[in-house]
Amino acid sequence: MIEKDPQPPPFRVVIPARYGATRLPGKPLLEIDGRPLIGWVWERACASAAAEVLIATDDVRIAEVCAGFGAEVMMTRTDHRSGSERLAEVVERRGWEPEAIIVNLQGDEPGIAPTLIDQVARGLAEHAEAGLATLASRIEEAATLFDPHVVKVVTDCQGYALYFTRAPVPWPRDAFARDRGRLPEGVPFLRHIGLYAYRAGFLARYVGWPAAPLEQAESLEQLRVLWRGERIHVSLAVEPPGPGVDTPDDVQRVRQWLASRLSSRCTSSSEKSP
């Protein structure tokens, strides 16, 4: 008998969305197969077990489009430096209790699996020592390990993060002295998946901390948490996260990915037909 995943705890999803992305201005409104990018992300969130899904933005254009496809939208301040700060404003204005679990789903992740949204919420609920939970997947290729655009994470034996970095870690000294083109077996190379679950009380404290030196050096906001001696739990993702959108080339990859999934669903449906 196949055991089903336990029901995730009550949680909410907030999708921060801003218009002024550096590499792709207006990214949330980019059209992909006739729908805005933010609409695909919202649909994925709604397919999770979340009790509430809310889009937080400071741009009227985004708000109007999101309201048009039925999403709940909150207009937020324009001075936020990060998505987590935008989340914190939502939490404060809604008056959510300190133990409430909020999943931060970035507005450029149209391929995120709803099961991963449930998983990251469950990961936080099951680890009381953590104020923050996230996910990772195994790295199978050396090119991925050495790519500075891919964030890596190292954890302890209980799954708590030791460090996040753009550098290739761990560094198997002897194996890489012989050959850096192939990953040795038995080394836990992990790619960080940028999906987070916060406790509301922790989030309020977190955004009040100044940026940490390691955070600024690596351009990785989550290092602020480790710098402060707080704990982040990392679960191994139960399935691949799907493609995100950071560059113009990513848009075409997402289109191809969505087309392949639609084709797979149609094939599966036809096979079940009498």
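**Helix H2, strand S6 and the salt bridges**

I'll start at a turn in the backbone: just after helix H2, Gly-70 takes a positive phi of about 95°. One caveat before going on, which is that this is a predicted model.

Now H2 itself. The helix covers residues 60-68, and Ile-62, Ala-63 and Cys-66 in it are buried. Looking down the axis of H2, these buried residues fall within an arc of 100°, so they line one face of the helix. On the other side of H2, Glu-64 and Gly-68 are exposed.

What covers the buried residues of H2? The cover includes three strands, S1 (12-17), S4 (52-57) and S5 (72-75), along with helix H1 (37-46).

Next, strand S6, residues 101-104. Is this strand covered on one face or on both? Both faces are covered. Ile-101 and Val-103 are buried on one side, and Ile-102 and Asn-104 are buried on the other. As background, side chains in a regular strand alternate between the two faces of the sheet.

S6 has pairings with S1 and S10. With S1 the strands run parallel, joined by 3 bridges. In that pairing, Arg-12 stands opposite Ile-102 of S6. With S10, residues 190-199, the strands run antiparallel, joined by 4 bridges. There, Val-103 stands opposite Ala-197 of S10.

On to charges. Side chains of opposite charge can pair when their charged atoms come close. How many salt bridges does a search of the whole structure find? The count is 17. I'll go through some of them.

Arg-77 forms a salt bridge with Asp-79, and their closest N and O atoms are 2.9 Å apart. Arg-77 has 43% relative accessibility, so this residue counts as partly exposed.

Glu-85 and Arg-81 also meet through their side chains in a salt bridge, at 2.7 Å from N to O. Which of these partners is buried and which is exposed? Glu-85 is buried, with a relative accessible area of 12%, whereas Arg-81 is exposed, with a relative accessible area of 69%.

Then there is Arg-224, which forms a salt bridge with Glu-215; the closest N and O atoms are 2.8 Å apart. In this pair, both residues are buried.

Last, a network. Salt bridges link Arg-12, Glu-52, Glu-72 and Arg-94. Arg-12 came up earlier, as the residue opposite Ile-102 in S6.

Key:
Residues numbered from 1 in each chain as written. Predicted model: local features only at pLDDT ≥ 70, side-chain atom pairs only at ≥ 80, totals over all residues. Heavy atoms only, no water. Buried < 20%, exposed > 50% of the residue type's maximum accessible area, 1.4 Å probe, protein only. Helix = DSSP H or I, 4+ residues; strand = E, 2+ residues; numbered from the N terminus. Arc of directions from axis to C-beta. Contact = heavy atoms within 4.5 Å. Pairing = 2+ DSSP bridges. Salt bridge = Lys/Arg side-chain N within 4 Å of Asp/Glu carboxyl O.
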